[in-house]
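The following exercises are to be worked with the sequence and the coordinates at hand. Each task is followed by a stepwise solution.

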Amino acid sequence: MKKEELKKFLIEEKFDSYEDILQYVDDEKDIESLADKIKFLKKNGLENEDIEFVISENPLFLTTNIENLKRSVNFLISIGLKNLSQVALMNPELLSVSDKTMSENYRLLKLLLQEKELLNMLKIDAEILSFNTDYLARRLEFFVKNNLKDKIKDIILNYIEAFEDDEDEIDLEMLKNI
């Protein structure tokens, strides 16, 4: 597929910002892949505006191959995140994260949270699934060792930066009081 064909496809699909989308792709492989990914996301309930948001907020999406995208979407749906549009708008990077990473992170979180509680939390914000698994494991261990196991959900939802800060920068007392 050539860029001109992608432009025609985007116009036919009624993408208002087709010119903005076109500026993101030059490589013929990325052009064809993008058309396939758009078709797949639309088939899974995303509207044009949602897809435009994903493309503008998550440049890695352009280099994610269609098979990885399908596996990631299937994983999200399999754990109960069926409203893919909502997931994509909250965490567009998840569409570029491998299903393996998300699955391993989900498994780690299930060790600390009940499945229903975990699913409800992920419906609010699933960013934690995109973290490096080894890093996430070390950070969860740090919180557990500091008697914050019962606060993991609140920390994820309200103080996600605690997963990003250096350990010596984390206000443990404040986290214990949330």
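**Exercise 1. Two loop residues with positive phi**

Task: Determine whether Asn147 is buried or exposed, and describe the backbone and the location of Asn147. Then do likewise for Lys14.

Solution. The model is a predicted one.

Step 1. Asn147 has a relative accessible area of 65%. The cut-off for an exposed residue is over 50%, so Asn147 counts as exposed.

Step 2. The phi angle of Asn147 is positive, about 60 degrees, although the residue is not a glycine. Asn147 belongs to the loop that joins H9 to helix H10 (152–158).

Step 3. Lys14 sits in the loop between helix H1 (3–12) and H2. Its phi is near 65 degrees, again a positive value in a residue other than glycine. With a relative accessible area of 63%, Lys14 is exposed.

**Exercise 2. The overall fold**

Task: State how many helices and strands the chain has, and give the dimensions of the box that its C-alpha atoms fill.

Solution.

Step 1. There are eleven helices and zero strands, and the pattern along the sequence is accordingly α-α-α-α-α-α-α-α-α-α-α.

Step 2. Along the principal axes, the C-alpha atoms occupy a box of roughly 60 × 30 × 25 Å.

Step 3. Of the 178 residues in the chain, 43% are buried. Among contacts with a separation of 6 or more, 70% join residues 24 or more positions apart.

**Exercise 3. The packing of H5 against H3 and H7**

Task: Classify the orientation of H5 relative to H3 and to H7, and identify the residues that form each contact.

Solution.

Step 1. The axes of helix H3 (residues 28–43) and helix H5 (residues 66–78) come within 10 Å and cross at roughly 20 degrees. Since angles under 35 degrees count as roughly parallel, H3 is roughly parallel to H5. The crossing of H3 past H5 is right-handed.

Step 2. On the H3 side, the contact is made by Ser33, Asp36, Lys37, Phe40 and Leu41; on the H5 side, by Ile66, Leu69, Lys70 and Val73. By class, this contact comprises five nonpolar, one polar and three charged residues.

Step 3. For H5 and helix H7 (residues 99–110), the axes come within 8 Å, with a crossing angle of roughly 25 degrees. These two helices are therefore also roughly parallel to each other.

Step 4. H5 contributes Arg71, Ser72, Phe75 and Leu76 to this second contact, and H7 contributes Asp99, Met102, Ser103 and Tyr106. The contact of H5 with H7 holds four nonpolar, two polar and two charged residues.

Step 5. Ser72 merits separate treatment. This residue of helix H5 has 1% relative accessibility and so counts as buried. Leaving aside residues up to four places away in sequence, Ser72 touches Leu94, Val97, Ser98, Asp99 and Met102.

**Exercise 4. The buried face of H4**

Task: Which residues of helix H4 are buried, and which helices do they pack against?

Solution.

Step 1. In helix H4 (residues 48–57), the buried positions are Asn48, Asp50, Ile51, Glu52, Val54 and Ile55.

Step 2. The packing partners of these buried residues are helix H2 (18–23), H3 and helix H6 (84–90).

**Exercise 5. The nonpolar core and Phe131**

Task: Describe the largest nonpolar core, then the surroundings of Phe143 and Phe131.

Solution.

Step 1. In soluble globular proteins, nonpolar side chains tend to be buried together. Here the largest nonpolar core contains 59 residues, and Leu122, Ile128, Leu129, Phe143 and Phe163 have the most contacts inside it. H3 gives the most to this core, with six residues.

Step 2. Outside the four places on either side in sequence, Phe143 touches Leu148, Lys149, Ile152, Ile155, Ala162, Phe163, Ile170 and Leu175.

Step 3. Phe131 is in the loop between helix H8 (115–124) and helix H9 (133–145). Its relative accessible area is 9%, which is why Phe131 counts as buried.

Step 4. Not counting residues up to four places away in sequence, Phe131 touches Thr101, Asn105, Leu136, Ile160, Phe163 and Glu164. Phe131 and Met102 are 29 residues apart in sequence, and their C-alpha atoms are 8.2 Å apart in space.

Definitions and conventions:
Residues numbered from 1 in each chain as written. Predicted model: local features only at pLDDT ≥ 70, side-chain atom pairs only at ≥ 80, totals over all residues. Heavy atoms only, no water. Axes fitted to C-alpha atoms, helices over the stretch in contact; angles between N-to-C directions. Helix = DSSP H or I, 4+ residues; strand = E, 2+ residues; numbered from the N terminus. Parallel < 35°, antiparallel > 145°, perpendicular 65-115°, else oblique. Left-handed = near helix turned anticlockwise from the far one by under 90°. Contact = heavy atoms within 4.5 Å. Nonpolar A, V, L, I, M, F, W, Y, C, P; charged D, E, K, R; others polar. Core = buried A, V, L, I, M, F, W, Y, C linked by side-chain atoms within 4.5 Å. Buried < 20%, exposed > 50% of the residue type's maximum accessible area, 1.4 Å probe, protein only.
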